[in-house]
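This report walks through one structure, part by part. Please keep the sequence and the 3D view open while reading.

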2 protein chains.
Amino acid sequence: MAILHELSEFRRPVAINLANRPTPANCEDCGARQNGLCEALTEDELAFLARSAQRITLAPGTVFVEEGEKAAYFYNINHGNVRLFKSLPDGRRQITGFSGPGHFLGLAAGENNAFSAEAMDGVKLCRFSRASLMAVFEELPVLERKLLGVAMHELVLAQQQMLLLGRKTAIERIASFLLSWAVRLEICPAGGLPAANSVLKLPLSRTDLADYLGLTIETVSRSLSQLKRDGMIDIPNIHEIILLRPRTLSEIAEAAV
Amino acid sequence: MAILHELSEFRRPVAINLANRPTPANCEDCGARQNGLCEALTEDELAFLARSAQRITLAPGTVFVEEGEKAAYFYNINHGNVRLFKSLPDGRRQITGFSGPGHFLGLAAGENNAFSAEAMDGVKLCRFSRASLMAVFEELPVLERKLLGVAMHELVLAQQQMLLLGRKTAIERIASFLLSWAVRLEICPAGGLPAANSVLKLPLSRTDLADYLGLTIETVSRSLSQLKRDGMIDIPNIHEIILLRPRTLSEIAEAAV
DNA sequence: GGTATTTTTTGATATGGATCAAGGCCGCGT
DNA sequence: ACGCGGCCTTGATCCATATCAAAAAATACC
C-alpha cells in the first residue's frame, strides 16, 4: 500500500521537478540524476509548490493510475520507474511509454484517466490534486509553458512510436527501441548515435518490451538473439545490452536503404 | 503553389481559431462549422493575434510541413483537411493524424519538424512565425493554457492509436476508426455511440486509411467488405459509410469479450 | 545450498495479413 | 458514347510473426 508522508518532509531537489529535459540534480535518496524545472523557480515559488503536494512511496507492481477512473491527481516522479499502458478487456496490453525520475503524469485531457500507470520498482513521487495544481498554475504561469513543452515532446515520441508500431518490422522495432533507450539514459543526445560498446541497462522484462513494441515475448527474444548473432549487440545478462555497432543498428532502425 | 494574402484580409472567425473542442462558428468562405478559441478573447486580443499571422491558401497535395526541416511556423487551419505523417526512406508511411478546420499544428518540440503535413484538399490556414507566436504568448497567456489542453487531448488520441496499432486486429482497427471518425464529425460525443444508420463521410482514400491504421489497402478493403457482409455497415459509395449497428461495432472495436 | 517457480530462449507449426495478380468501377476528357 | 487511367475490390499465394511446446537460465524460496 501507498505510504503518505507529510508535506514537511519535502526537500527541494526531490519535491519539485517537472521537466522532461535533462538538467542534472541528484535524488536525495539514491543519488540518481534527475531532470528539473527547479532552476527556473525562486525559493518562494518552490516552497509554494511543495505546500501543494503530497509525497508518496509505492511498492513495485502498484497500479496508482487506473484507466477510466476519475482523473483526480497529477504526479511528479522523484525516484523509480513507471509503465504507462492501455488494456483491452481480453488482456491484450499496449505500453504507451515509461516514466522515470523527473517525469510527470496524470495531466489528463478529460474527466477520466486515458491510461493506467504501474510502479515497475520502488517508486517515490509527489502528488498534486487537480485543484491544487490549478492554484499552482495561477501562481506560477511559467509552469504552464514548461508543461506545454513537455507535452509537445511527449507528442513527438508518440508519433515516433506510431511509425514503429504501424510500419516497422520486428528487427527494426528492437533496433529503434535500443537507440531510443540510449537517449533516455542520456548515453547520447536525441538524434545522435551512442558510442560503440555503450552499455544499456534495461530495467524491463521481455514482457514489457513486447507490450511496448507490439510484439510477443518470443519475437522479442528471437530478434535480440538475431542481432547478437549478427554481431550488432552483446547480451551479457537479461537486463544489460551492449551496443557493439550502433551505426549499423541505426541504419536498421531507420530502414536506411 | 501557396498564395499569401495580406494581413488586412483577416476577419474574425476565420483568423483566430486555436481550439480542439467544438464551439460553433462558421467559416466565412464555406460556412462549415469551426472550432474556436475566439470566445475567450476580447476584440483587442483578436486584433493582436490577427496582426501576427499570414493567411495562406494551399492546393490539394501540397506538402507544407516537411519532416526534418527547420520548424519555423505554427499553423491554424481554417478550411480543408490535412494529413500528418512520418515516412521511412523506403517509402513506408505512417499517418499519425488528420487535421481539419480549427486545428493547429507545427508547435514542434524541437528545432526541426517531427512530421510532414500535406493538404488533402483545398486548404486555407493562418501561419504564425515562431517569433510572432512567442509574442502572442506574452500578450495572451490564456492561449498557452488552451494549447496545453489541446496538446493533452492529442496525447490521449495518440495513446489510443498506439493501442490500435500495437494490439488490435484488422477488423478491430476498422471498427475503431469508424467510431472515432464519428466523434470527429461530431456525430456523437467522445465515449458515446452514434445513432444507428448514421452516415459517415470519409474524405479519405483507402490508401490514407491503410497508412493511418497500419494495414494495406487490400486488408482495409477486405475488412470493410466483411463488416458489410456481416450487416454492421453499408457502403453506398467509396466516401460514405452508414453505421447500421454501432453498438456491435463498438464491441468489436473495444474487443469486448 | 538445493529445489521450486518464473522468465527467457529455442524449436515446430499455424495463421492473419502482406504480396502478387486480375478484374470491376467510376470519373474524366474527347 | 467511348476509351483511358486511377482507385477499389476480390482471389490466390506467401511469409513474418503468432501460437504452441519444451528446454534452459534466472530468480525465489525453504
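## The sheet in chain A

In this predicted model, chain A holds an open sheet of 4 strands, placed in the order β3-β8-β5-β6 and paired in the antiparallel sense. Its edge strands are β3 (63-65) and β6 (93-99) of chain A, and each of these pairs on one side only. Ignoring direction, neighbouring strands of the sheet are turned against each other by 35 degrees on average.

One pairing can be followed in detail. Strand β5 (residues 82-87) of chain A is joined to strand β8 (residues 116-119) of chain A by 4 bridges, in the antiparallel sense. Within this part of the sheet, Arg83(A) has Glu118(A) in β8(A) as its bridge partner.

## Helices across the sheet

Two helices can be described by how they lie on strands β5 and β6 of chain A. Helix α6 (residues 206-213) of chain A lies across both strands and runs at about 105 degrees to β6(A). Helix α4 (residues 141-167) comes from chain B; it also lies across β5 and β6 of chain A, at about 130 degrees to β6(A).

## Nonpolar cores

In soluble globular proteins, nonpolar side chains tend to be buried together. Here the largest nonpolar core has 69 residues, and the members that touch the most others are Leu178(A), Ile233(A), Leu178(B) and Ile233(B). Helix α5 (residues 170-184) of chain A gives the most to this core, with 8 residues. Another core lies apart from it and has 36 residues, including Ala53(A), Phe104(A), Phe137(A) and Leu143(A).

What is Ile233(A) in contact with, leaving aside its neighbours within four places in sequence? The residues are Leu178(A), Leu224(A), Leu227(A), Lys228(A), Ile241(A), Ile242(A), Leu243(A), Leu244(A) and Leu249(A).

## Around DNA strand C

DNA strand C is surrounded by 15 residues, of which the closest are Arg206(A), Arg222(A), Ser225(A), Thr219(B) and Arg222(B). Helices α7 (217-229) of chain A and α7 (217-229) of chain B each supply at least two residues of the surface near this strand. The most comes from α7(A), with 4 residues.

Which parts of the DNA face the protein? Of the atoms of DNA strand C within 4 Å of the protein, 65% belong to sugar or phosphate, and the rest belong to bases. On the phosphate side, an N or O atom in the side chain of Ser225(A) is 2.4 Å from a phosphate oxygen of the strand. For Thr216(B), an N or O atom of the side chain is 2.9 Å from a phosphate oxygen of DNA strand C. A base is reached by Arg222(B), where a polar side-chain atom lies 2.9 Å from a base oxygen of DNA strand C.

Notes
Residues are numbered from 1 along each chain as its sequence is written. Chains are lettered from A and ligands numbered from 1 in the order in which they are written. This is a predicted model: local features need pLDDT of at least 70, side-chain atom pairs count only at pLDDT 80 or more; totals for chains, interfaces and linings use all residues. Side-chain values use heavy atoms; hydrogens and water are left out. A nonpolar core is a set of buried Ala, Val, Leu, Ile, Met, Phe, Trp, Tyr and Cys residues joined through side-chain atoms within 4.5 Å. Buried means under 20% relative accessible area, exposed over 50%, partly exposed in between (1.4 Å probe, protein chains only). Contact means heavy atoms within 4.5 Å. Two strands pair if DSSP finds at least two bridges between them. Axes are lines fitted to C-alpha atoms, for helices over the stretch in contact, and angles run from 0 to 180 degrees between N-to-C directions. A residue is near a molecule or strand if one of its heavy atoms lies within 4 Å of it. A polar contact is a pair of N or O atoms within 3.5 Å; within protein, one must be able to donate a hydrogen and the other to accept it, and residues adjacent in sequence count only if both atoms are side-chain atoms.
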